[in-house]
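User: I would like to go through this model and ask, term by term, what justifies each description. Please set the values against the cut-offs as you answer.

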Amino acid sequence: MKSPGSCWHIVDIPANSDTKKLTVKIIPVYQDYYGNPVHLFLGTRGDCILKILSQSLGILIVSCGVLFWGFLSLVLYIAVIRKKQEDFSEETSKIFLNLGIFSLLIALWSLNQCGFLQFLVPDGRTLYFIDFFTFYLFPVPFNFLLYDICKSKFRKGALFLSVSYLINMGAAVLLQCMGIVDIFLILPITHLIMLVNAAYTIGLIHYEAKQLGNELARKFRYPMYLIMYFALSELLVYYIRRFQQTSVFLPLGTLLFILMLIWIQVSQYYEQCIQKQKLIYFQKLANIDMLTEAMNRNAYENMIRYLDEQELELHTTGVVLLDLDNLKEINDNFGHEKGDEALKLCYQCIRQAFPSEQNCFRIGGDEFAYIFHKDEKELIADKIHKLELLLNEKDQDLSYSLSVSSGYAYYQPDTDMDFKDIVRRSDTMLYREKRRKKISHSASSHPMLSSGKQSRAQGITDELITQEKKYQHISPTELCGIIDLLSPSTDDYLYFIDFRTDFYYIAPQSLERFCVPQNAFYNVMETHRDFVYAEDYPLLTAEFRDLLTTNRCIHNMEYRWLDLNGNPVWINCRGYLVRDDYQKPLYMVGCINEIGEKQKADNISGLFGENGLIEYLKTQETPLENGFLLRLGIDNFKPINEKFGWDYGDYILRKTAECISHCISGEQQVYKLSSDEFIIVDITSDDKQTAVHLYNKIRENINQFIKKNHYTAIFTISGGILPFYNLLESEYDEMMKRTDFSLNTAKKRGRNRYYIFNEQDYQRFLHLKDISDVLHAAVIHDFRGFSVALQPLVKAGCRQPFGAETLMRFSSGQFGTISPAEFIPILEESGLIIPAGRWIIREALQACKKLRETIPDFQVSINISQIQIEKSDVIQDISAELENAKLPPEALIVELTESALLEDNSNARHFLKELRKAGIRLALDDFGTGYSNFHYLNELRPDIIKIDRSFTAKAIKDAKEYDLLKRFCTMIHRLNIKICIEGVETEDEWEKIRLMDPDYSQGYLWGKPCSFDELLQKGLRV
């Protein structure tokens, strides 16, 4: 024997061997090799065979198990290859192949080692080569298995190791044949390669599973570790036994390895099958209508896509469209349960008439479709007739009528490009049948025909269709004449479109309202581009495209045209499209009316509206010299609606209108304007006191109504009076602007009063409005015209500047330099103070950053408006700019007036909280001009109090005021609040102010407001 393992010989002892001596010699085949342990058994041949098998029974059982599972792996591989299972990838099938080969080689080697194979192959030389080749070759499929599992570039090492085994085997054979060295003597080289192989396998599997997240490596990691453990154990035991006997470790490890791998693959296949079955179920569920159990629209659209892709299939295809009649009436009259019942019964009948379930679809609420092929083409009419009979049978037992309308078409190579063209022709046929049924139903339900026979109703139907056909032959000239005849009798605009010649005609009065080039033109849609609002033009073209490509007859669309000034005007355009016998569009006639037009009368108040006022003024001679306009507005009308509701608000409007109407004379007219405004016209009076007297009378009348109404809703009324002699021009728009100004002025001055128009006040208002426009333009053009002025803040003790107050300045080419007292209120009223405030915060902090290069602890103060606190997140703006300028919070002082903070609102409280949280100091500005009491100081807890110049000036001139201010400063200091006195202009004033012990001071004595560059030039010296 030249390798470890069991090798046995059964020798028959001759019959005449009694008293003879038996000698057994073991001759070593080479030096130092004495073979495996020797055992002698005497007995019958059967006893000897049992002894042989019992010695290696464990290895025999395990090896048979390995052999079985190896064959099973190969069977699985063949099954996967033959069936081309999509659930198994190519890598998975290769795993089965390599696993099977590896297992068979291990099984043959171990069966040979336990001596069992000798029963099957008695020839010793054959057994020798089986032992040799199985030992050298079994690592090769294992490495291929490892290669298939791994995905990284390092897996190529498995191929190199496989080649090394083959080279090692070839070299061993060559050396054996040449008689140089026996194979057994060079086994350590093979064992060394196996050790390298084991280390490489463990490292690669760990890297793939942990680092790369390879799912296969993660699943096969532990089986690989297991086989490596058993293989190394086999090798270790082999060396411990001094190469004399193999163990059960390698076959047992192989058995466990193959069982684990097959379990993993089969369980994965099972999971994939389950997922596939779920997917098939959900796909089927997605394609089935839950109510009728028919194929749904999703399945229908999938079929359409398939037919469009398969051109040969499309050429042999047709479609039947079926529509359940009167489903809405069934739902409305009998309930939705009956409607669902009707749909189910309808589909049951369709399934009986059209047996192919896969081709029946429910494609809408009451619509079904059946797709048929060439072999059914001639049978469709009979199947539809059968369907009608089935429905009639069902109809006998129902409380409602059950019927369908149908249309069908088959592929025509000359007209049909895709499946939608077939559907379109089917839909045309369906539409005609539904229309005929509708007309027939209308005729049969007519009071004069209700007792007539069915044939008579059918005759009416045919007559109506015949009358409709007559419309096809009306000429364009006749239609234009009809429009010209009817137009003077309506405020709407009749029109006509001839699709045959692409011609458009509209009532002539449309030219007075819209920028239509002329009332008759060709090239319809392109010309519409000139007077249709640009955003609505694509919608209009889409609407007309749909009209011309479908079987619709009704056009009803709301969109915008442009008036003579180019402004959009909302219109409602309706029309009826007349088609020929082949459903080809001929022409459309219709009407356009303005849906945004103001009403001529107000239904709530019972008064004429603004249009009535315009018409009345047009009848008067101009210019108007006598009389007046009195514009009235209910004060705080919105809270009435909010508290009592809109209906009660309408009641108040109606009663107010009655109070006004009872007060006017016969020469005066009253009209309703906007929601809570009225206007009275008097063209006879020459005294404005008449208007004042009328206002007072109306107010008194309203007070009487409020009293009679038990003060349920208390309101007042304001009035704006415009005498006609004050008008420089009598244009309607100018009059309305002036009355609106007069009413708003009365409301601003306290409400429940009147205001008589004054031209100087109005010009002042226009001047402020112009400034507002200039400010708005400046803001949107990167704050052009705005500038920053800095006024030094001085420490009282050393007379040295420690900071500066930031002041906003503005000038324009139109108005020059504008006082802050004039433009700041405009910024606040318009809301522009929010972007302008952000700008000055940024400019102030950037200036502070530069000034800190000269004075390290320099600070700037910024005035914040109440509007900024209420309507913007100003604290976030401040924080962002501080961060951008890389400045600490101590570099900024925020100045606020008392009134900005004492309003009881959450925004102010939040602002103060976040200001303290950010570590930014608060200065209370203009103290002495507002609420000014110690209760508020304790509540607000400012860091600095700034005494206003007006307070300072009084203290300098009056001893009592001076004493009061001094005591006040003492008390402020006791609250640990610092004081800054503003308005110090001379040294004499400072000598008096200094005795009050202020912390800081500000005024012309220390420096006037100046630009940043001027401040630098002065060197910040006082």
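The exchange below takes up aromatic pairs, ring faces, a sheet with its helix, a parallel set of strands, and cysteines.

User: What kind of model is this, and how many aromatic pairs does the structure hold?

Analyst: This is a predicted model, and the structure holds 35 aromatic pairs.

User: Why is the pair of F334 and Y400 called tilted?

Analyst: The ring centres of F334 and Y400 are 5.8 Å apart, and two rings pair if their centres lie within 6.5 Å. Their planes stand at 55°, whereas stacked requires an angle under 30 degrees and edge-to-face one over 60, so the pair of F334 and Y400 is tilted.

User: What makes this pair a tie between separate parts of the sequence?

Analyst: F334 belongs to helix α13 (residues 327-334), while Y400 sits in the loop between α15 (380-395) and β4 (404-410), so the pair ties together parts that are 66 residues apart in sequence.

User: Are F334 and Y400 buried, exposed or partly exposed, and how do you know?

Analyst: Buried means under 20% relative accessible area and exposed over 50%. With 39%, F334 falls in between and therefore counts as partly exposed, whereas Y400, with 5%, is under the lower cut-off and is therefore buried.

User: Which residues form an aromatic cluster, and what makes R513 a charge over the face of one member?

Analyst: One aromatic cluster is formed by Y493, Y495, Y504, F514, F521, F531 and W561. R513 lies over the face of F514 at 5.8 Å from the ring centre, and the distance limit for such a placement is within 6 Å, with a further condition on the angle to the ring normal. R155 likewise lies over the face of Y147, at 4.0 Å from the ring centre.

User: Why are β2 and β4 said to stand at the edges of their sheet?

Analyst: The open sheet has 4 strands in the order β2-β3-β1-β4, with antiparallel pairing. Each of β2 (360-362) and β4 has a single partner strand, so one side of each is left without a neighbour in the sheet. The twist averages 20° from one strand to the next.

User: How do you know that β1 and β4 pair, and where does α15 stand in relation to the sheet?

Analyst: Pairing requires at least two bridges, and 7 bridges join β1 (residues 317-324) to β4, with the two strands running antiparallel. Within this pairing, V320 stands opposite Y408 in β4. Helix α15 packs on the sheet, touching β1, β3 (367-373) and β4, and its direction makes about 170° with that of β4.

User: Why is D382 called exposed?

Analyst: D382, which is found in helix α15, has a relative accessibility of 52%, and the cut-off for exposed is over 50%, so D382 counts as exposed.

User: What makes β21 a mostly covered strand, and which strands does β21 pair with?

Analyst: Of the 7 residues of β21 (residues 921-927), 5 are buried. Strand β20 (residues 892-897) is joined to β21 by 5 bridges in a parallel run, with I893 opposite R921. Strand β22 (residues 944-947) pairs with β21 in the parallel sense over 3 bridges, and here F927 stands opposite I947.

User: How many disulfides are found, and why are C480 and C980 called buried?

Analyst: A search of the whole structure finds 0 disulfides, a disulfide being a pair of cysteine sulfur atoms within 2.5 Å. The relative accessibility of C480 is 12% and that of C980 is 3%; each value is under 20%, so C480 and C980 count as buried.

How values were computed: Residues numbered from 1 in each chain as written. Predicted model: local features only at pLDDT ≥ 70, side-chain atom pairs only at ≥ 80, totals over all residues. Heavy atoms only, no water. Phe/Tyr/Trp six-rings, centres within 6.5 Å; stacked < 30°, edge-to-face > 60°. Buried < 20%, exposed > 50% of the residue type's maximum accessible area, 1.4 Å probe, protein only. Lys NZ or Arg CZ within 6 Å of the ring centre and 35° of its normal. Axes fitted to C-alpha atoms, helices over the stretch in contact; angles between N-to-C directions. Contact = heavy atoms within 4.5 Å.
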